[in-house]
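Let's take a friendly walk through part of this model. Have the structure open and follow along.

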Amino acid sequence: MSIYQFKGKNSCIIEKMPQVPLLSSLGLREGMKVRVMSKQPLGGPIVVSMGNRSIAIAKDVANQILVKEVL
Amino acid sequence: MSCHTKEPEIHIEEGQIKVLLMGNPNVGKSVVFSKLTGMDVIASNYTGTTVTFTKGNIQHQGNHGVLIDVPGTYSLEATSPAEEVAVNMLDNEKADVIICVLDATNLERNLNFALQLQKYQIPIIFALNLTDVAEQQGISVDIDKLSVELGAPVVPTVAIRNIGLRDILKQAWIMAEKKTVDYGDIPENQDERWQRVGRIIQQVQQVEHRHPTLLEKLGDALIRPLTGIPASIIILALALGIVVGGGKGIRGLILLPLLNNFYVPFITNIVSTFLSEGLIFNVLVGEYGMLIKGIEWPFALILPYVFLFYIVLSFLEDSGYLPRLAVLVDSMLQRIGIQGGNIVPMIMGYGCAVPAILGTRASTSQKERIIVASVVSLAVPCAAQTGAFIALLGDRSVLVLVLVYLISLLAMFIGGMVLNKMIPGKSDPILLEIPNLLMPDRQSYLKKIYLRTKHFMLEAEVPMLLGVGFAALVAETGALNAVGGFIEPIIEGWLGLPREATIGLILGVIRRELAVLPLLELDLSTLQLLVASVVALFYLPCLSVLGVLIKEFRIKIALAIGISTFFLAFFIGGLINQVVTLVSMLL
């Protein structure tokens, strides 16, 4: 499932990431535990938090990040 | 643009050391720079892809050195213009020492950068900054262990309060003595490097789980659509209220009475003791008197708005609200071909278009840069022009004032959509770090407002004086009548304005507010006020803006922007005049 479609308050683990250099420079990588904090309407970005930091990710990019829910 | 080692660009004197200041964006690097060098830099807000760097002098116990502020980057892979600058500096500048600023609240990502930097085998001192904020968040870092892990000195700092900065300088000269260092094998491979970062973090960092503070909860609420969108409307309305309402108050209650009751009689008296009434007398203290309007316009009509605008903008910037706003407006801005982050230069444009256009360097694609720069040049009134609009329309017709700003928003939207269709290419998707919501530090907040206001007024005063002097000469000598026949069909026929309005259009080339202010002296109908204001709004961006456009985008694009705004101004202004006149005739 992509992180854009991910619903719920649980954390999820990133399984696969697209090759976007800035994403990894911002500290996002495979195997990382993240939480989806908010999703903007009308094709806006989602905000993902990891630890005490948050990153806004565009819909197109978020659609390519695959995650697995942590129960 | 080559990978070979070139001659260093920055020269130092015998006995000086050369120090590079590096780090991730938004770690307080520019604060460190201005505190160490004693230089006032606010330009640091607009780094990103800047190809220019700032340098300043540092000294410690009689030793002298040069500190170079390198643009903040997330990595050293030369994938963006800012990173290219950083990599070139590391390759070519033959620095003695690097001061690398680390954000203690975000150590993991910062250490990844630190390790990449160590590959260059130049002596490094690490400044672990923002340790106070980290502490509030329950993050503690073992400085000694981190120093061992990195094989380099680590100094805890709170740059904004001068804590730890002296130690940094001391260490800089100690490390410069060393000449060579060996940081061992640094993993080339990204995954291995992150693994090493992970190991270091486990060794040195402890995070105590805390309940989120009120500010953290607020920060989260501001980014959720349900709470964030209403909040953004309230915040922007409040900002507008402070600038417009506050500006009117300061102007009407304090500045204008001071000016009219004390200054004007005083200066007129002085001049009349030296001069008898005549051309020179009128140029100095007459209708467009340089000593009257040259003081009244900039100080009583413009200054209050500029000052209040920077109070609001600096607060929004320092608190970390703007990136949140960027997330909320992203889907809207996508319609005009730019991503949400560009809201920041657009808002800056309401202060002055020059920093706004420089600020577009942070947008990654050229397409976005051109769209933002064009929209700001065309339809965003600067703080000075806002002051002028309020002076002109505030008392006579608030309806026209509101209408002018609605037309401005509409033009931004339509202009953006047209440019999005015209300019090939795609804009980059939004990828933005959301910083913690913070209460701005009082001292640096006040300093920022002071510096910006001072800078603006210094920039404004000389051209304004010259402009007013020119207007006075033209008005007094009747030179306007000479060109009258030539411009009559456009000004009087098409726009329906009196011939004297031409003065504003001539002066508007110099500064945007000067296209509006001369209208104050004319007796215009409501329709004329609207038409003249719309023409002034879209009219040429001022000389400084044209200069920046040429510098940033070359002459061709700058000319295209200038010429299209010029024609749009006359076209739309005249259209409004003709349509309203026609409709009122039919009714």
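Before we start on the helices and strands, a word on angles: each one runs from 0 to 180 degrees between N-to-C directions, with axes fitted to C-alpha atoms. Keep in mind that this is a predicted model.

Start with the sheet in chain B. It's an open one with six strands, in the order E2-E3-E1-E4-E5-E7, and the pairing is mixed. Strands E2 (54-60) and E7 (154-156) of chain B sit at the edges with a single partner strand each, so one side of each has no neighbour in the sheet. On average, and ignoring direction, neighbouring strands are turned by 25 degrees against each other.

How do E5(B) and E7(B) run, and how many bridges join them? They run parallel, joined by three bridges. Phe126(B) is found opposite Val154(B) in E7(B).

Two helices lie against these strands:

| Helix | Strands touched or crossed | Angle |
|---|---|---|
| H3(B), residues 107-118 | E1, E4 and E5 of chain B | about 165 degrees with E4(B) |
| H5(B), residues 143-150 | E5 and E7 of chain B | about 150 degrees to E7(B) |

Now for a helix pair. H15(B) (residues 366-379) and H17(B) (residues 398-422) pack at about 150 degrees, their axes 9 Å apart, and their crossing is right-handed. On the H15(B) side the contact includes Ile371(B) and Leu378(B), while H17(B) brings, among others, Met412(B) and Gly415(B). The residues of this contact are seven nonpolar, five polar and no charged.

Last stop: H1(B), residues 29-37. Seven of its nine residues are buried, including Lys29(B) and Phe33(B). After H1(B) comes Gly38(B), with a positive phi near 75 degrees.

Methods. Residues numbered from 1 in each chain as written. Chains lettered and ligands numbered in written order. Predicted model: local features only at pLDDT ≥ 70, side-chain atom pairs only at ≥ 80, totals over all residues. Helix = DSSP H or I, 4+ residues; strand = E, 2+ residues; numbered from the N terminus. Left-handed = near helix turned anticlockwise from the far one by under 90°. Contact = placed C-beta atoms within 7 Å. Nonpolar A, V, L, I, M, F, W, Y, C, P; charged D, E, K, R; others polar. Buried ≥ 20, exposed ≤ 12 C-beta atoms within 10 Å, placed from the backbone. Pairing = 2+ DSSP bridges.
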